[in-house]
Amino acid sequence: MIKAVMVINTLGKPRLSKFYEFQPAEKQQELIRHVYAVLSNRPDNVSNFVRSLGTIFGPDTRLVYKHYATLYFVFLFDNSENELAMLDLIQVFVETLDKCFRSVCELDVVFNYSKMHTILDEIVLGGQVLETDSVEVMRAVEEISKLESSTSAGTLIKKSIPSWWAR
């Protein structure tokens, strides 16, 4: 099971964090700081797999990350998941973001926070992998965007005003 997904910039600021096991907010912040400390001290020429995270995550938790430009994409998971599959899942997530934002950068992550969560929810839900095809994920995200735009607050207000005036 996937325990958490994080996107952290190179200065240690979390740009996205989603925990699939309940953690109090203070514990989440501690976990993010610990992950950043581990990643920022690793040389660039080492593997993207981290097995020994100490006792903070539990004995069976592993970490896979990928460093793109100014962002670390991090997946924390237990022994039931394959490390290479998680690395591929990070690649699917980043490819989908690239398709959505046309060469994703940190500002896209900051200003399109809800869209990032939508994309992540189409790939991983409740700690389980749902979809690994970025084309299918994009199709679902576009459908969600169409639904959101067709039921925007403006259309709801326009429909309710004439009925209110008729009273």
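## Surface, fold and cores

The protein exposes about 9600 Å², with carbon and sulfur atoms supplying 55% of it; these areas come from Shrake-Rupley with a 1.4 Å probe, and for residues only the protein chains shown count as cover. Bear in mind that this is a predicted model, where local features need pLDDT of at least 70, side-chain atom pairs count only at pLDDT 80 or more, and totals for chains, interfaces and linings use all residues. Residues are numbered from 1 along each chain as its sequence is written, and side-chain values use heavy atoms, leaving out hydrogens and water.

Fold-wise, there are 6 helices and 7 strands, running β-β-α-β-β-β-α-α-α-β-β-α-α along the sequence. Both are DSSP runs numbered from the N terminus: helices are H or I with at least four residues, strands E with at least two. Of the 167 residues, 38% are buried, meaning under 20% relative accessible area (exposed is over 50%, partly exposed in between; 1.4 Å probe, protein chains only).

Now for the cores, i.e. sets of buried Ala, Val, Leu, Ile, Met, Phe, Trp, Tyr and Cys residues joined through side-chain atoms within 4.5 Å. The largest has 28 residues, and Ile2, Phe75 and Phe93 have the most contacts inside it. These elements each supply at least two of its residues:

| Element | Residues |
|---|---|
| Strand S1 | 2-9 |
| Strand S5 | 71-77 |
| Helix H2 | 83-101 |
| Helix H4 | 113-123 |
| Helix H5 | 134-150 |

H2 gives the largest share, 9 residues. A second, separate core has 16 residues, including Ala4, Leu31, Leu39 and Tyr72.

Beyond its neighbours within four places in sequence, Phe75 is in contact (heavy atoms within 4.5 Å) with residues including Ile2, Ala4, Met86, Ile90 and Val124.
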